[in-house]
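Let's walk through this structure together, one region at a time. Keep the 3D view open and turn it as you read.

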Amino acid sequence: QVQLAESGGGVVQAGGSLRLSCAASGRILKNYNLAWFRQAPGKEREFVAAISWSGGLTTYADSVKGRFTISRDNTLTTLYLQMNSLKPDDTAIYYCAADGQTRMTTDHSLRDNTRYGDWGQGTQVTVSS
């Protein structure tokens with residue numbers, strides 16, 4: 001099990017940028033698929049972006065493609081989400097998640113929240129219009 005802690009959320013005006021971080025404690029994130037999900041008030045948690053354990057595959061929700069970028073640091077202890085051109089619809093609590101199963105790593109499967117067993121507590125992002 002890996003413990004995850006998000007940071008970097010805040011209040012930003014529409015069109016602005018934020019970079020979220022997700023720090024792992026206790027182990028490096030080698031051989032983990034990693035993802036960001038978000039949940040807005042009154043809505044279900046939805047997929048945002050994911051990166052495969054090898055780093056060779058990244059995938060994004062259509063709503064954020066071209067605006068958000070997921071990445072990992074070289075020490076494999078921190079996951080990032082760079083968010084540009086933010087919109088009020090991006091307002092949500094953002095969660096990072098980790099999955100230690102390297103099998104069946106496909107674009108489709110990385111979007112499935114049920115494959116992720118480790119989750120952070122979330123960080124609030126509010127985009128004002």
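**Starting from the core**

A good place to begin is Leu81, which, leaving aside residues up to four places away in sequence, touches Leu18, Arg19, Leu20, Trp36, Val48, Ala49, Phe68, Thr69, Ile70 and Tyr94. Please keep in mind that this is a predicted model. Leu81 belongs to the largest nonpolar core, a set of 37 residues, and together with Trp36, Met83 and Tyr94 it touches the most other members. Two or more residues of this core come from each of β3, β4 (33-39), β5 (46-51), β7 (68-72), β8 (78-83), β9 and β11 (123-128). In soluble globular proteins, nonpolar side chains tend to be buried together.

Now look for the cysteines. How many disulfides are there? The count comes to one, and it joins Cys22 to Cys96 with an S to S distance of 2.0 Å. Cys22 sits in strand β3 (residues 18-25) and Cys96 in strand β9 (residues 92-99), so the bond ties together parts that are 74 residues apart in sequence. The torsion about the S-S bond of Cys22 and Cys96 is about 60°, and therefore the disulfide is right-handed. Are these two cysteines buried or exposed? Both Cys22 and Cys96 are buried.

Next, follow the chain to Arg67, in the loop between β6 (58-60) and β7. Is this arginine, Arg67, buried or exposed? With a relative accessibility of 11%, Arg67 counts as buried, because the cut-off for that class is under 20%. Apart from residues up to four places away in sequence, Arg67 touches Gln82, Met83, Asn84, Ser85, Leu86, Lys87 and Asp90.

One of those partners of Arg67 is Ser85, which is found in the loop between β8 and β9. Ser85 has a relative accessibility of 41%, so it counts as partly exposed. Its backbone deserves a look too: phi of Ser85 is near 50°, a positive value in a residue other than glycine. Leu76, in the loop between β7 and β8, also has a positive phi, about 60°, although it is not a glycine. Most residues other than glycine have a negative phi, and most peptide bonds are trans.

From Leu76 you can step across to Tyr32: their C-alpha atoms are separated by 9.6 Å, while the two residues are 44 residues apart along the chain. Tyr32 is in the loop between β3 and β4, and at 10% relative accessibility it counts as buried. Beyond its neighbours within four places in sequence, Tyr32 is in contact with Val2, Arg27, Ser52, Trp53, Arg72, Ala98, Asp99, Gly100 and Asp118.

Val12, in strand β2 (residues 10-13), gives another view of the fold. Val12 counts as buried at 13% relative accessibility. Its contacts outside four places in sequence are Ser17, Leu18, Leu86, Thr126, Val127 and Ser128. The C-alpha atoms of Val12 and Thr91 are separated by 9.7 Å, with their positions 79 residues apart along the chain.

Thr91 leads to the last stop, the largest pocket, since it is one of the residues in the lining. Which residues line the largest pocket? They are Arg38, Ala40, Lys43, Glu44, Glu46, Pro88, Asp89, Asp90, Thr91 and Ala92. By class, three of these are nonpolar, one is polar and six are charged. The volume of the largest pocket is about 170 Å³. Asp90 in this lining is also among the residues that Arg67 touches.

Notes
Residues numbered from 1 in each chain as written. Predicted model: local features only at pLDDT ≥ 70, side-chain atom pairs only at ≥ 80, totals over all residues. Heavy atoms only, no water. Disulfide = S-S within 2.5 Å. Helix = DSSP H or I, 4+ residues; strand = E, 2+ residues; numbered from the N terminus. Buried < 20%, exposed > 50% of the residue type's maximum accessible area, 1.4 Å probe, protein only. Core = buried A, V, L, I, M, F, W, Y, C linked by side-chain atoms within 4.5 Å. Contact = heavy atoms within 4.5 Å. 1 Å grid on protein atoms, 1.4 Å probe; cavity = no way out; pocket = protein on both sides within 12 Å on 5 of 7 lines; lining within 4 Å. Points joined across faces, edges and corners; volume = space filled by probe spheres on them. Nonpolar A, V, L, I, M, F, W, Y, C, P; charged D, E, K, R; others polar.
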